[in-house]
Amino acid sequence: MSTQLATPTRGKVTFGGVLRSESIRFFSLNSTRILLLVAIVLNMGIAALGVWGVGSFAGEAPPMPGAPDMSSAAFTAELVGSGLAFSQLILGVLGVLLISGEFTTGSAVSTFLASPQRLRVFAAKATLITLLCAVVQVIGSTLAYLVCMPLAKNYNMELDYFGGDFQNVLWFGVLAVVMAALIGLALGALLRNSAGGITSLVALFFVLPAVTGLLTLLADWVQDIVRFLPDNLSMSLAMPLSYPSELEQWQQLLGVAGWTLIPLILAAWLLKSRDV
């Protein structure tokens, strides 16, 4: 009697398989679900507080010369999107955690053993965080609109979901949070440390604008730097009344692309060349 030895077969690793694996692992973490929920709740809460506060003030205070029309569709739409900066921070932190946690716990070794092509893993993470942030921001903005709609009607403030002003806040808001999340992903890959990546993200989006904003009081040329900072570029696209800019829209979009792609390319190159 002859004995035939069976040779084990190895499944082919595909981008879709890596993306599915990353999704399962990412959504299994409590921190992911908590941060996503906080981002949506903050969007609704800050928007409702803004519409209520401005509506109450506008109803009691006399009109001021030179002040924007607080009941206009553009002004109200930006009030509904007033939680965008917090969404950038929360989803940016999520981008950092998506990759930095693997280096902190050492699970990056098993990840790259299962899928030796590191750039494919990095591309899967970038795709996952992009899709996730886009969906979460659309949901958060839509729920914020639904919460604010009765308040806006009560104070005779214009608010139209399909109007150009709100659509501008909605879709450029998606671009703003996706940019922050991808920068966070790049920082997590570059620094390989959650605390360091989050600190750098906060410094870039909150500390640096505050410092340069104060410096503009001392030197006018600092304003030329401020307009090219990532938060100002993205927020001026989504909320041009609140963040006025002298740049044209194509220049702002080019700046957002640069702030997003350059860190990602650098992170991908170092991820491939450095040891795990």
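The second largest pocket has a volume of about 190 Å³. The model in which this pocket was found is predicted. The pocket is lined by E22, R25, F26, L29, S31, L97, L98, G101, E102, T105, S107 and K125. Two helices, α1 (15–27) and α4, each supply at least two of these residues. Helix α4 gives the largest share of the lining, five residues. By class, the lining is split into four nonpolar, four polar and four charged residues.

Enclosed space was examined next. The structure holds one cavity of 30 Å³ or more. The volume of the largest cavity is about 40 Å³. Its lining consists of I99, E102, F103, A108, T111, F112, V121 and K125. Three helices each give two or more residues to this lining: α4 (84–105), α5 (108–114) and α6 (118–154). Five of the lining residues are nonpolar, one is polar and two are charged. E102 and K125 appear in the lining of the largest cavity and also in that of the second largest pocket.

Aromatic contacts were then considered. The count comes to five aromatic pairs. In one of them, the ring centres of Y145 and Y161 lie 5.1 Å apart. Their planes meet at 65°, over the 60 degrees required, so the pair is edge-to-face. Y145 belongs to helix α6, whereas Y161 sits in the loop between α6 and α7 (164–191). The pair therefore ties together parts that are 16 residues apart in sequence. Both partners are buried: Y145 has a relative accessibility of 13%, and Y161 has one of 15%.

Y145 also pairs with F166. Here the ring centres are 5.4 Å apart and the planes stand at 55°, so the pair is tilted. This contact links distant parts of the chain, with Y145 in helix α6 and F166 in helix α7, 21 residues apart. F166 is buried, at 2% relative accessibility. Y145, Y161, F162 and F166 form one aromatic cluster.

Cysteines were examined last. A search of the whole structure finds zero disulfides. C133 has a relative accessible area of 0%; because this is under the 20% cut-off, C133 counts as buried. C148 is likewise buried, at 0% relative accessibility.

Definitions and conventions. Residues numbered from 1 in each chain as written. Predicted model: local features only at pLDDT ≥ 70, side-chain atom pairs only at ≥ 80, totals over all residues. Heavy atoms only, no water. 1 Å grid on protein atoms, 1.4 Å probe; cavity = no way out; pocket = protein on both sides within 12 Å on 5 of 7 lines; lining within 4 Å. Points joined across faces, edges and corners; volume = space filled by probe spheres on them. Helix = DSSP H or I, 4+ residues; strand = E, 2+ residues; numbered from the N terminus. Nonpolar A, V, L, I, M, F, W, Y, C, P; charged D, E, K, R; others polar. Disulfide = S-S within 2.5 Å. Buried < 20%, exposed > 50% of the residue type's maximum accessible area, 1.4 Å probe, protein only. Phe/Tyr/Trp six-rings, centres within 6.5 Å; stacked < 30°, edge-to-face > 60°.
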